[in-house]
Amino acid sequence: MADRQRGAASSSSGWGRRSAADPAIRDALVALTAAGLSLVSLAGKISQIPDDDETAPFIEADSIGLALVLLGNLPVAWRRRAPLPVLAVTAVSAFFVELLGYAPPPLPFAVLVALFTVAEACSYRVSVVAAGAVVASLAVVALAGSGTFTDDKFLAYLLSIVAAWVAGYWLQLNRSRTAQAELLADLERRAQSALTRRAVEEERARIARELHDLVSNSVCLIIGQAGSARRQFAAEPEPVQQALASVEATGREALGELRQLLRVLGTEDPATERIPHLDDLPQLLARMELAGLPVDLTVRGTARSLPTSVELAAYRIVQEALTNSLRHAGAARAAVLLDYSGDMLEVRVRDDGQGSARDAVAGRGMTGMRERTTLLGGRLSFGPGELGGFELAVSLPLDGGRPWAPAS
């Protein structure tokens, strides 16, 4: 029972807090407060003004005065929903109180609240026109008033009207600046999120290329070398031993590269990654020959050190092209050309196999080669070659290509 009472009390207090925070409730309280102050002034005549040792009395409170006071204050409760109509009603009612000679409050509180709302919610031009209309009405009251509207009172009213408009317009500007700052922050967050997603996608694509090139090439070599060993086992044991040794070496190398890649993907410094270079091509071609695909290497121009991105791309492209020749084309021999003589590194891989253009285009390997070339701003083409099979031609900028291209 006590728990239910505490829960009910907690719920009641929570409802009270929510109600007090409701803008409509706050506006109603403001309207009642302004109406109360005006009623006290109307009934108590607290604004009587002495003039030449005589008192200029206000009109006694009656039903008309009461109606004008209520009409000039209670609409403030709807100031957020209809700011301009509320300002018009409160201003006209307040100034009629002055014109007819009823006792007004020290300041036109309802008019000030309504003008503050117009300056806060409406455009600059509308709020300036509204404030000007209020000041003009005040001047009319001062000129045609009942004699109790002194210069000091006119100045006090005028200053309070200007202050109400300035406060409302300042709040509008402040909210506008806050909204713009929030919008810019949101746009910046979205841009950063897009950059992050792009970086993640590029890194995933890089990892996919590396894994494909590594696993595909190594497994293909192991299969080719194992098949060669099986065919030679009966007749010539010595080549079988060489082929098996090559299978073991290829497997160990593939395992080492895979471990290296996994370490880079983990917590170790990516700078420690062992990246293949064009200087490693002789070892690759030797493994290809042991797998059953002799490869001739030709170098034109002066071989020199190139950016890591170019070295890696060229090596992986040669590796993938030879793997395709060994796996799909049924080639008996192949040739690799590296040309350093121009401003581009020209890489050509030819074979004498029977592969088709569809086989060349389809598959992850060709996609990876095209991506590597595009990232460096190079060109890739393929078609019938001089050896009777297919030829892959790639041109890569010697300076590493596009400045935004990733290292691999």
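# Questions about a predicted model

Me: Which residues touch the most other members of the largest nonpolar core?
Reply: This is a predicted model, and its largest nonpolar core holds 34 residues. Those that touch the most other members are Leu278, Val295, Val318, Leu322, Leu345 and Leu392.

Me: Which element gives the most to this core?
Reply: Several elements each supply at least two residues of the largest core: α9 (281–290), α10 (308–329), β4 (334–339), β5 (344–351), α12 (364–375) and β7 (390–397). The one that gives the most, with 9 residues, is α10.

Me: Which residues does Val295 touch, not counting residues up to four places away in sequence?
Reply: Val295 belongs to the largest nonpolar core and is among the residues there that touch the most other members. Once residues up to four places away in sequence are set aside, Val295 touches Leu285, Met288, Leu322, Ala334, Ala335 and Val336.

Me: How many residues are in the second, separate core?
Reply: Besides the largest core there is another, separate one, which includes Ala130, Ala131, Leu138 and Val141. Its number of residues is 21.

Me: How far apart are the end C-alpha atoms of helix α6?
Reply: Helix α6 runs over residues 124–144, which makes 21 residues. At 1.5 Å a residue, α6 should span 30 Å. The model agrees with this, because the end C-alpha atoms of α6 are 30 Å apart.

Me: Where around α6 do the buried residues lie, on the same side or on opposite sides?
Reply: The buried residues of α6 are Ser127, Ala130, Ala131, Val134, Leu138 and Val141. They cover an arc of only 95 degrees around the axis, so they lie on the same side of α6.

Me: Which residues are exposed on the other side of α6?
Reply: Away from the buried side, α6 has exposed residues too. They are Arg125, Val129 and Leu143.

Me: What kind of pair do the rings of Tyr124 and Trp165 form?
Reply: The structure holds 3 aromatic pairs. In the one made by Tyr124 and Trp165, the ring centres are 6.1 Å apart and the planes are at 65 degrees. Planes over 60 degrees apart count as edge-to-face, so this pair is edge-to-face.

Me: How many residues apart in sequence are the parts tied together by Tyr124 and Trp165?
Reply: Tyr124 lies in helix α6, whereas Trp165 lies in helix α7 (residues 151–232). The pair therefore ties together parts whose separation in sequence is 41 residues.

Me: Is Trp165 buried or exposed?
Reply: The relative accessible area of Trp165 is 16%. A residue counts as buried under 20%, so Trp165 is buried.

Me: What kind of pair do the rings of Tyr124 and Tyr169 form?
Reply: Tyr124 is in helix α6 and Tyr169 in helix α7, 45 residues apart. Their ring centres lie 5.2 Å apart, with the planes at 55 degrees. That angle makes the pair tilted.

Me: Which residues form one aromatic cluster?
Reply: Tyr124 is partly exposed at 45% relative accessibility, while Tyr169 counts as buried at 19%. Together with one more residue they form one aromatic cluster, made of Tyr124, Trp165 and Tyr169.

Me: What is the length of the polar contact that joins the side chains of Glu120 and Arg175?
Reply: Glu120 is found in helix α5 (residues 109–121), and at 13% relative accessibility Glu120 counts as buried. Beyond four places in sequence, Glu120 touches Arg79, Gly168, Tyr169, Leu171, Gln172 and Arg175. The side chains of Glu120 and Arg175 are joined by a polar contact of 2.2 Å.

Me: The backbone oxygen of which residue lies 2.8 Å from a polar atom of the side chain of Ser93?
Reply: Ser93 lies in helix α4 (residues 83–100) and is buried, with a relative accessible area of 3%. Leaving aside neighbours within four places in sequence, Ser93 is in contact with Leu68, Leu71 and Gly72. The backbone oxygen 2.8 Å from a polar side-chain atom of Ser93 belongs to Val89.

Me: Which residue just after α4 takes a positive phi?
Reply: Helix α4 has 18 residues and reaches 26 Å from its first C-alpha to its last. Just after α4, a positive phi of about 95 degrees is taken by Gly101.

Key
Residues are numbered from 1 along each chain as its sequence is written. This is a predicted model: local features need pLDDT of at least 70, side-chain atom pairs count only at pLDDT 80 or more; totals for chains, interfaces and linings use all residues. Side-chain values use heavy atoms; hydrogens and water are left out. Helices (H or I, at least four residues) and strands (E, at least two) are DSSP runs, numbered from the N terminus. The expected span of a helix is 1.5 Å times one less than its number of residues. Buried means under 20% relative accessible area, exposed over 50%, partly exposed in between (1.4 Å probe, protein chains only). The arc is that of the directions from the helix axis to the C-beta atoms. A nonpolar core is a set of buried Ala, Val, Leu, Ile, Met, Phe, Trp, Tyr and Cys residues joined through side-chain atoms within 4.5 Å. Contact means heavy atoms within 4.5 Å. A polar contact is a pair of N or O atoms within 3.5 Å; within protein, one must be able to donate a hydrogen and the other to accept it, and residues adjacent in sequence count only if both atoms are side-chain atoms. Rings of Phe, Tyr and Trp (its six-membered ring) pair if their centres lie within 6.5 Å; planes under 30 degrees apart count as stacked, over 60 as edge-to-face and the rest as tilted.
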